[in-house]
Amino acid sequence: MVIEAVRAAYGPRAPRIAVDASGAPLRQCLRAAPDLLKPNGEELAELTGLSNGSELEADPGAAAAASATLLQSGVGAVLATLGSKGAVLTTNHGTWHGRGPAIKAKSTVGAGDSALSGYLLANLRGDSPKHAFSKRWPMARPQLPSLEPWFLPLHKRLPQPSP
């Protein structure tokens, strides 16, 4: 697998690895414990067997609990995108839920990719997970051409799910 090969080749200098995939590749990468996993609600349900995608997308607390189970398997952090309910970031340091303004979406194509890239850029700048996820994190901007640039407001910090 690519993740193991990169880590074996670079040892302690290996880059951090983020994965945004679906289906069999997503399930396979879980064994390699990537530094960041970016599932949507359906993918999160598929990985964890907890609930179904629609229920996880409707309930950020349930998505946070499902994400926490992935941390127990060795994943460093989970950025779960939840459609109109925003996103949940779960790390060993906490869990946060962010939600953008209510809009009528014309298309959601690329929104998860935009969310991931915004988070990664903020993380590379050295922002803490909380700050990378909140006011400094541009969320899905390319998908919202009719809006001025905006940032995902930190909706609330969620209680840390019990393992």
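**Figure 1. The chain follows the pattern α-β-α-β-α-α-α-β-β-β-α-α-β when read along its sequence.** The model shown is predicted. Its secondary structure comes to seven helices and six strands. The chain has 163 residues, and 40% of them count as buried. Now take the contacts with a separation of 6 or more. Residues 24 or more positions apart account for 51% of these contacts. The accessible surface of the chain is about 8600 Å². Carbon and sulfur atoms hold 56% of that surface.

**Figure 2. Close-up of helix α2, residues 23–30.** Which residues of this helix are buried? They are Leu26, Cys29 and Leu30. Seen down the axis of α2, these buried residues fall within an arc of 110 degrees, so they line one face of the helix. A general rule helps here. An α-helix has 3.6 residues a turn, so residues three or four places apart point the same way. What covers the buried residues of α2? The cover includes three helices, α1 (2–10), α3 (41–48) and α5 (60–72). It also includes the strands β1 (18–19) and β2 (36–37).

**Figure 3. Close-up of Ala33, in the loop between α2 and β2.** Look at the backbone here. Phi of Ala33 is near 50 degrees. That is a positive value in a residue other than glycine. Most residues other than glycine have a negative phi.

**Figure 4. Close-up of Ser51, in the loop between α3 and α4 (53–58).** Ser51 is not a glycine, yet its phi is positive, at about 65 degrees. How exposed is the residue? Ser51 has a relative accessible area of 43%. Buried means under 20% and exposed means over 50%, so a value in between counts as partly exposed. Ser51 is therefore partly exposed.

**Figure 5. Close-up of Pro39, in the loop between β2 and α3.** Is Pro39 buried or exposed? Pro39 counts as buried because its relative accessibility is 0%. Which residues is Pro39 in contact with, leaving aside its neighbours within four places in sequence? They are Leu44, Val78, Leu79, Ala80 and Thr81. Next, find Leu116. Pro39 and Leu116 are 77 residues apart in sequence. In space, their C-alpha atoms are 9.9 Å apart.

**Figure 6. Close-up of His97, in strand β5 (residues 94–98).** His97 has 2% relative accessibility, so it counts as buried. Now locate Ala87. Along the chain, His97 and Ala87 are 10 residues apart. Their C-alpha atoms are separated by 5.8 Å.

**Figure 7. Close-up of the second largest pocket, with about 310 Å³ of space.** This pocket is lined by 15 residues. Which of them are the closest to its centre? They are Arg16, Asp35, Leu36, Tyr119 and Asn123. Helix α6 (residues 111–124) gives the most to the lining, with four residues. What kinds of residue make up the lining? Eight are nonpolar, five are polar and two are charged.

Note on methods:
Residues are numbered from 1 along each chain as its sequence is written. This is a predicted model: local features need pLDDT of at least 70, side-chain atom pairs count only at pLDDT 80 or more; totals for chains, interfaces and linings use all residues. Side-chain values use heavy atoms; hydrogens and water are left out. Buried means under 20% relative accessible area, exposed over 50%, partly exposed in between (1.4 Å probe, protein chains only). Helices (H or I, at least four residues) and strands (E, at least two) are DSSP runs, numbered from the N terminus. The arc is that of the directions from the helix axis to the C-beta atoms. Contact means heavy atoms within 4.5 Å. Accessible areas come from the Shrake-Rupley method with a 1.4 Å probe; for residues, only the protein chains shown count as cover. On a 1 Å grid over the protein atoms alone, a cavity is a set of points where a 1.4 Å probe fits but cannot get out, and a pocket is an open set with protein on both sides within 12 Å along at least five of seven lines; lining residues have an atom within 4 Å of a point. Grid points are joined across faces, edges and corners, and a volume is the space filled by probe spheres set on the points. Ala, Val, Leu, Ile, Met, Phe, Trp, Tyr, Cys and Pro count as nonpolar, Asp, Glu, Lys and Arg as charged, and the others, Gly among them, as polar.
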